[in-house]
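Please open the model in a viewer and keep the sequence panel visible. The tour below proceeds by selection, with a short account of what is found at each stop.

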Amino acid sequence: ALLGAAQAQASYTKTKHPIVLVHGITGFDTIGGLVNYFHTIPWNLERDGARVHVASVAAFNDSEQRGAELARQIVPWAAAGGGKVNLIGHSQGSPTSRVAASLRPDLVASVTSINGVNKGSKVADVVRGVIPPGGAIEGGANAIANALGSLINLLSGASNPQNGLNALATLTTPGTTALNGRHPWGVNSSSYCAKSTEVHNVRGHSIRYYSWTGNAAYTNVFDAADPFLAFTGLAFGSEKNDGLVGVCATYLGQVLGDSYNMNHVDAINHLFGIRGWTEPVALYRQHANRLKNKGI
């Protein structure tokens, strides 16, 4: 019995097809081999059987261009992994993955959104001037932009983070609405908080869609990212959010959870594992097991 349990644990995350982790805006796979965007998550998936690739697409670009890059990048990984991959995207990595699945549905078994920008970000709306800053936001769009730029700098070590703000146009509500018109699978656009279903037929191919998100901007007093997210989170007023994305805006396919105690940065186990009550690594491992049990 013990041997059987050990063997089951050793293959807990062993999906049929490889897992591809897709970073968000400002993202990277690794900085100098020391700092990983998905902090410890690849290793925690691999230790019980998963094959994991970490995509490296443009840090600053619209989701359409990033998705085209990803579609090209997954070709050899799919070929070596039974013909398909499982895409798991954080933040802008979600619409990026959705575009890739739309372009190459023959290569994608599933798309999973982690705190993904699937129906726009009100922070991006404010920064881009799509909507005027609300009364709760002291200092207006410029202060939001500065706070977001500082967070970007913190995460990726970019010397001039404000260069990335042009990429936010694709993450505004109008920008995302346009993208969803071209790549509608997994998103229920009938209303802001409408949820979708798990399985979709994408150009003749069956693809499973999933999502989860946190709903708290400030989760740990020791996390240097939290003050920035608490500030940017003011853009949402009373709406539940993770500091950068409203809960309802993250919905994609089957919603696995939308009330985890984690913010936008906690969702990738940063900064360096300092987080709220929810253990993000466990969510990735449980999901890998879910994909394994679905036979993908």
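**First stop: N263**

Begin by selecting N263 in this predicted model; leaving aside neighbours within four places in sequence, N263 is in contact with N115, A216, A217, T219, D226, L229 and D242. Next, display the side chains of N263 and D226, which are joined by a polar contact of 3.0 Å. N263 itself is placed in the loop between β9 (254–260) and α9 (280–293). Is N263 buried or exposed? Its relative accessibility is 0%, so N263 counts as buried.

**Along the same loop: N269**

Move on to N269, which also lies in the loop between β9 and α9. Inspect the backbone here: N269 is not a glycine, yet its phi is positive, at about 65 degrees. N269 counts as buried because its relative accessibility is 5%, under the 20% cut-off.

**A second positive phi: S91**

Now select S91, in the loop between β5 (85–90) and α4 (93–103). What is the phi of S91 near? The value is near 60 degrees, a positive phi in a residue other than glycine. With a relative accessibility of 5%, S91 counts as buried.

**Into a strand: S110**

Select S110 and show the strand that holds it, β6 (residues 108–114). The relative accessible area of S110 is 0%, so this residue is buried. Display the residues around S110: apart from neighbours within four places in sequence, its contacts are V85, N86, L87, I207, R208, Y210, L291 and I296. Two of these partners merit a closer look. The side chain of N86 makes a polar contact of 2.6 Å with the side chain of S110. For I207, draw a C-alpha to C-alpha distance from S110: the two are 5.2 Å apart in space, although 97 residues separate them in sequence.

**A loop residue: D48**

Proceed to D48, located in the loop between α2 (41–46) and β4 (52–54). Which residues does D48 touch, not counting those up to four places away in sequence? They are Q9, A10, S11, Y12, T13, K14 and R285. D48 has a relative accessible area of 7% and is therefore buried.

**The largest pocket**

Select K119, T173, T176, T177, N180, V187, S189, S191 and Y192 together; these residues line the largest pocket. Colour the selection by class to see two nonpolar, six polar and one charged residues in the lining. The volume of this pocket is about 150 Å³.

**The whole chain**

Finally, clear the selection and view the protein chain in cartoon form. How many helices and strands are there in the protein chain? There are nine helices and nine strands. Switch to a surface representation: the chain exposes about 11,500 Å², and carbon and sulfur atoms supply 55% of that area. Of the 296 residues in the chain, buried residues make up 55%; N263, visited at the start, counts among the buried residues at 0% relative accessibility. A contact map gives a further view of the chain: among contacts between residues at least 6 apart in sequence, 73% join residues at least 24 apart. One contact to locate on that map is the pairing of S110 with I207, whose positions are 97 residues apart in sequence.

Notes
Residues numbered from 1 in each chain as written. Predicted model: local features only at pLDDT ≥ 70, side-chain atom pairs only at ≥ 80, totals over all residues. Heavy atoms only, no water. Helix = DSSP H or I, 4+ residues; strand = E, 2+ residues; numbered from the N terminus. Buried < 20%, exposed > 50% of the residue type's maximum accessible area, 1.4 Å probe, protein only. Contact = heavy atoms within 4.5 Å. Areas by Shrake-Rupley, 256 points an atom, 1.4 Å probe, with all protein chains shown as cover. 1 Å grid on protein atoms, 1.4 Å probe; cavity = no way out; pocket = protein on both sides within 12 Å on 5 of 7 lines; lining within 4 Å. Points joined across faces, edges and corners; volume = space filled by probe spheres on them. Nonpolar A, V, L, I, M, F, W, Y, C, P; charged D, E, K, R; others polar. Polar contact = N/O pair within 3.5 Å; in protein donor to acceptor, adjacent residues only side chain to side chain.
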